[in-house]
Amino acid sequence: MLVVMNKTDTNNSSSKDNACRMKPGAGASAYDVAIIGGGHNGLTCAAYLAAAGKRVVILEKNDVVGGAAISEEFHPGFTNSVASYTVSLLNPKVIKDLDLAAHGLQIVERPVANFWPVRGTRGLLMPYGLKARQQAIGQFSQHDAEALPAYDAALERAANVLRGLVLQTPPNAQPGLSGWGQMVKAALTGRQIMRGSIEDQRVLLDLFTKSAADFLCQWFEHDVVRGTFAFDGIVGAYAGPHTPGTAYVLLHHCFGEVNGKSGVWGHAVGGMGAISQAMAKAAVRRGVTIRTDCAVAKVLSEAGAADARNDKVSGVELASGEIIAAKVVAANVAPKLLFRDLLDERQIDPALHKRFLTLKSGSGTFRMNVALKELPDFLCRPGTHSQDHHGAGIIIGPNLDYLERAFLDARREGWSRRPVIEMLIPSTIDKTLAPDGQHVASLFVQHVAPHLPDRQQDGDHSERREGAPGR
């Protein structure tokens, strides 16, 4: 998320460039825009601003840009993405506008979408083509196989509406005359949503308000098939498939594409850090200054305003004490962190300040990388030689009940006794990640409560650890 604050004048300040590492394009002591954080959103913002003729500096606290999209060698000879781990939702317009391919980005497609080991020798391999998917689903329910084309078409129409909206600046209603313009903009946005048929509008309403389970039960009858689609409604969310709002999460995961192919998932060669590095190269080529090992301590404002809330930003102060002057500050950090740690609360309306500080935030997932001497051997698809299912998203979460119990466990106990796991083995299609004949796997595990239940906050978990599944 990017939060932007601006001022009217530029204040010069002394430069202490040696305090932080810099990339070419640096040297000026005042900028049009200072961006806090060099994650992929900050890098994208910087590249667009520089293309518009703005003088931009990115200030990143770590020694490498990328935020959640970085790669690292986690074991000698084995490299993988650290946090984000697969590609589909990177907007194709960004890829094109920043010419990321020319800066080294290569995205390769998964051979098939996902694979679910169900029970014993039963499994569901979900390919991309409609007929092939129908055939796979038909092994569990012919009714559901026949319902798939209408379901796909309804979601694609809904996704097309929202694909257009995500590239538009949302309305920002505010008091005064300018607020009327924003209201008109909101009406035009609503008009785009209302252009579809009555049935499409009903589907959108369901997707915006219902749980994934309730939405899917309108289409499919088999619990395994429902669970297959419901996974997209809970992945990355601290929620169960019966939680209201998860139908939209499901829709969101239909937005993506790889190499111009809608609904396809893939991997960046070299890991997700390859995306950030390509963005950084694009930004630097346009004149952006990137400074790493530069933690921002606070956002500065002009002094002397009668009402502190009317102050305009004048730049930022680094943890080192250095002042970076800028007309605009864009924050590529979590909103709660920005309002809690980097802004003076006297500059902000108290009600707005409270709203941001009371945001509930935290990760409900556990992410790990594993070095493999061989590929996993599944009962339903035997063999350790590379097969299509090894290049898919391998999902442990065979039905709705399993997905729901994993969430309820975490809410009650702090973690799932039988977690939902998405395992990817990108080395099956990217040979740069592991030694020949060996592999890397990423495990995206749900759920782990962001905060343990009260009775466990200060407890000894050794007994629980010994009783955990698999021990």
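Q: What covers the buried residues of H3?
A: In this predicted model, the cover includes strand E9, helix H4 (142-165) and helix H8.

Q: Which residues of H3 are buried?
A: Helix H3 spans residues 130-138, and Arg133, Ala136 and Ile137 are its buried residues. They cover an arc of only 95° around the axis, so they are on the same side of H3.

Q: And which exposed residues does the face turned away from that buried side carry?
A: That face of H3 carries Lys131 and Gln135, which are exposed.

Q: H8 was mentioned as cover. Which strands does H8 lie across?
A: Helix H8 (residues 223-234) lies across E8, E9, strand E18 (393-396), strand E19 (415-424) and strand E20 (439-448). With respect to E9, helix H8 runs at about 55°.

Q: What is the strand order in the sheet of 6 strands?
A: The order is E9-E8-E18-E19-E20-E17, in an open sheet with mixed pairing. Strand E9 (122-126) and strand E17 (365-372) each have a single partner strand, so one side of each is left without a neighbour in the sheet. On average, and with direction ignored, neighbouring strands of this sheet are turned by 20° against each other.

Q: In which sense do E8 and E9 pair, parallel or antiparallel?
A: The pairing of E8 (residues 114-119) with E9 is antiparallel and extends over 5 bridges. Within it, Pro117 has Gly123 of E9 as its bridge partner. As general background, strands of a sheet pair through backbone hydrogen bonds.

Q: Turning to the interior, how many residues has the largest nonpolar core?
A: The largest nonpolar core has 45 residues. Tyr151, Phe215, Phe220 and Phe229 have the most contacts inside it. Helix H4 contributes the largest share of this core, with 10 residues. In soluble globular proteins, nonpolar side chains tend to be buried together.

Q: What does Tyr151 touch?
A: Not counting residues up to four places away in sequence, Tyr151 touches Phe215, Leu216, Trp219, Phe220, Phe229 and Leu250.

Q: How many residues has the other core, and which are among them?
A: Apart from the largest core lies another of 33 residues, among them Leu98, Leu100, Val288 and Ala330.

Q: A change of topic: where is His390?
A: His390 is in the loop between E17 and E18.

Q: Does it count as buried or exposed?
A: His390 counts as buried because its relative accessibility is 0%, where the cut-off for buried is under 20%. Leaving aside neighbours within four places in sequence, the contacts of His390 are Leu375, Pro376, Phe378, Gly383, His385, Ile425 and Thr428.

Q: And where is Arg412?
A: Arg412 is in helix H13, which covers residues 400-413. With a relative accessibility of 40%, Arg412 counts as partly exposed.

Q: What separates the C-alpha atoms of Arg412 and Pro453?
A: They are separated by 6.9 Å, although the two residues are 41 residues apart along the chain.

Q: For the protein as a whole, how many helices and strands are there?
A: The protein has 14 helices and 20 strands. Of its 471 residues, 45% count as buried. The accessible surface comes to about 23400 Å², and 52% of that belongs to carbon and sulfur atoms.

Q: What share of the contacts with a separation of 6 or more comes from residues 24 or more positions apart?
A: Such residues account for 69% of those contacts in the protein.

Key. Residues numbered from 1 in each chain as written. Predicted model: local features only at pLDDT ≥ 70, side-chain atom pairs only at ≥ 80, totals over all residues. Heavy atoms only, no water. Pairing = 2+ DSSP bridges. Helix = DSSP H or I, 4+ residues; strand = E, 2+ residues; numbered from the N terminus. Axes fitted to C-alpha atoms, helices over the stretch in contact; angles between N-to-C directions. Contact = heavy atoms within 4.5 Å. Buried < 20%, exposed > 50% of the residue type's maximum accessible area, 1.4 Å probe, protein only. Areas by Shrake-Rupley, 256 points an atom, 1.4 Å probe, with all protein chains shown as cover. Arc of directions from axis to C-beta. Core = buried A, V, L, I, M, F, W, Y, C linked by side-chain atoms within 4.5 Å.
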